[in-house]
Amino acid sequence: MELEKVLLSRKSCRAYLDKAVEEEKLERVITSASLAPLGLPKMCTPMLTLVTDKVALEELGGVYGAPALIIVSCPPSPAPGLADQNAACVVEMMSLVATEEGLGNIYLYGAPITLQQKAELKEKMGIPENFTPLAALAVGYSTEDVAVCKEFAPKLELTKF
Ligand SMILES: Cc1cc2nc3c(=O)[nH]c(=O)nc-3n(C[C@H](O)[C@H](O)[C@H](O)COP(=O)(O)O)c2cc1C
């Protein structure tokens with residue numbers, strides 16, 4: 001899919017089919033995370049956790065029935081806000097590739113915040129204590145087709161100086 005079509009097709013998916021995502025597709029989405037720009041990469045490179053366990057997904061909540069969740073956790077950063085920004089870059093990169101793969105997906109803030117409160121589950125998922133889950137991408141097959149649904153038009157306020 002050409003880039004513009006991916007951009008115009010990406011939208012938050014909040015209804016998923018009860019169908020697992022093929023390993024190769026998940027692998028491609030996950031690999032794309034490594035292409036994201038990162039601030040202070042030597043100290044602040046995030047780690048990913050792929051969750052497909054239905055009980056764990058249920059416990060986290062707020063994933064809209066998606067069969068897979070990719071959690072982005074970051075180590076402490078000496079620069080305020082940097083870890084969140086790194087996590088956001090990683091999620092957005094994966095979101096675009098998931099869209100290109102024909103997968104519904106949604107950026108989630110709520111599920112990783114819930115995980116922050118669940119030390120035992122976080123440990124079971126293999127996330128080290130000093131890594132904080134900050135963002136996540138839910139992926140799966142949407143109940144709707146992935147199709148162009150936006151237009152290339154400015155919506156954000158812009159000031160020029
Ligand atoms: C940083 C961030 C956090 C978000 N967290 C959630 C969330 O926890 N739950 C949710 O339903 N949507 C979440 N969203 C999705 C937004 O609601 C959605 O992107 C926005 O409404 C625009 O819709 P679109 O993605 O279809 O263009 C989040 C999006 C971003 C960028």
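**Figure 1. Strand β3 is mostly covered.** Of its 5 residues, 4 are buried. The model shown here is predicted. β3 spans residues 104-108. Its partner is β4, and the two pair in the antiparallel sense. They are joined over 5 bridges. One facing pair is easy to find: Gly 104 stands opposite Gly 140 in β4.

**Figure 2. Eight residues named here surround the ligand: Lys 11, Ser 12, Gly 62, Ile 106, Tyr 107, Leu 108, Tyr 109 and Gly 110.** Strand β3 gives the most to this shell, with 3 residues. Sorted by class, the shell has 4 nonpolar and 3 polar residues. There is also 1 charged residue.

**Figure 3. An open sheet is formed by 4 strands.** Their order is β1-β2-β4-β3, and the pairing is antiparallel. β1 (47-51) and β3 stand at the edges. Each has a single partner strand, so one side of each is left without a neighbour in the sheet. On average, neighbouring strands are turned by 20 degrees against each other, direction ignored. In a regular strand, side chains alternate between the two faces of the sheet.

**Figure 4. Strands β2 and β4 pair in the antiparallel sense.** β2 covers residues 68-74, and β4 covers residues 132-140. The pairing runs over 7 bridges. To pick out one facing pair, look for Ala 68, which stands opposite Val 139 in β4.

**Figure 5. Helix α2 packs on the sheet.** This helix is made of residues 23-32. It touches β1, β2 and β4. The direction of α2 makes about 160 degrees with that of β1.

**Figure 6. Helix α5 lies across β2, β3 and β4.** The helix takes in residues 82-100. It runs at about 10 degrees to β4.

**Figure 7. Helices α2 and α5 pack at an angle of about 145 degrees.** Their axes are 8 Å apart. The crossing is right-handed. From α2 come Arg 28, Val 29 and Ser 32. They meet Met 93, Met 94, Val 97 and Ala 98 in α5. By class, this contact has 5 nonpolar residues, with 1 polar and 1 charged.

**Figure 8. Leu 40 has a positive phi although it is not a glycine.** The angle is about 45 degrees. Leu 40 lies in the loop between α2 and α3 (41-44). How many other C-beta atoms lie within 10 Å of Leu 40? There are 14, so Leu 40 counts as partly exposed.

**Figure 9. Tyr 64 also has a positive phi, in a residue other than glycine.** The value is near 60 degrees. Tyr 64 sits in the loop between α4 (54-60) and β2. Within 10 Å there are 17 other C-beta atoms, so Tyr 64 is partly exposed.

**Figure 10. Leu 3 is found in helix α1.** The helix comprises residues 3-9. Is Leu 3 buried or exposed? With 9 other C-beta atoms within 10 Å, Leu 3 is exposed. The cut-off for an exposed residue is 12 or fewer such atoms. Leu 3 and Asn 130 are 127 residues apart in sequence. In space they are 36 Å apart, C-alpha to C-alpha.

Note on methods
Residues numbered from 1 in each chain as written. Predicted model: local features only at pLDDT ≥ 70, side-chain atom pairs only at ≥ 80, totals over all residues. Near = placed C-beta within 6 Å. Nonpolar A, V, L, I, M, F, W, Y, C, P; charged D, E, K, R; others polar. Pairing = 2+ DSSP bridges. Axes fitted to C-alpha atoms, helices over the stretch in contact; angles between N-to-C directions. Contact = placed C-beta atoms within 7 Å. Buried ≥ 20, exposed ≤ 12 C-beta atoms within 10 Å, placed from the backbone. Left-handed = near helix turned anticlockwise from the far one by under 90°.
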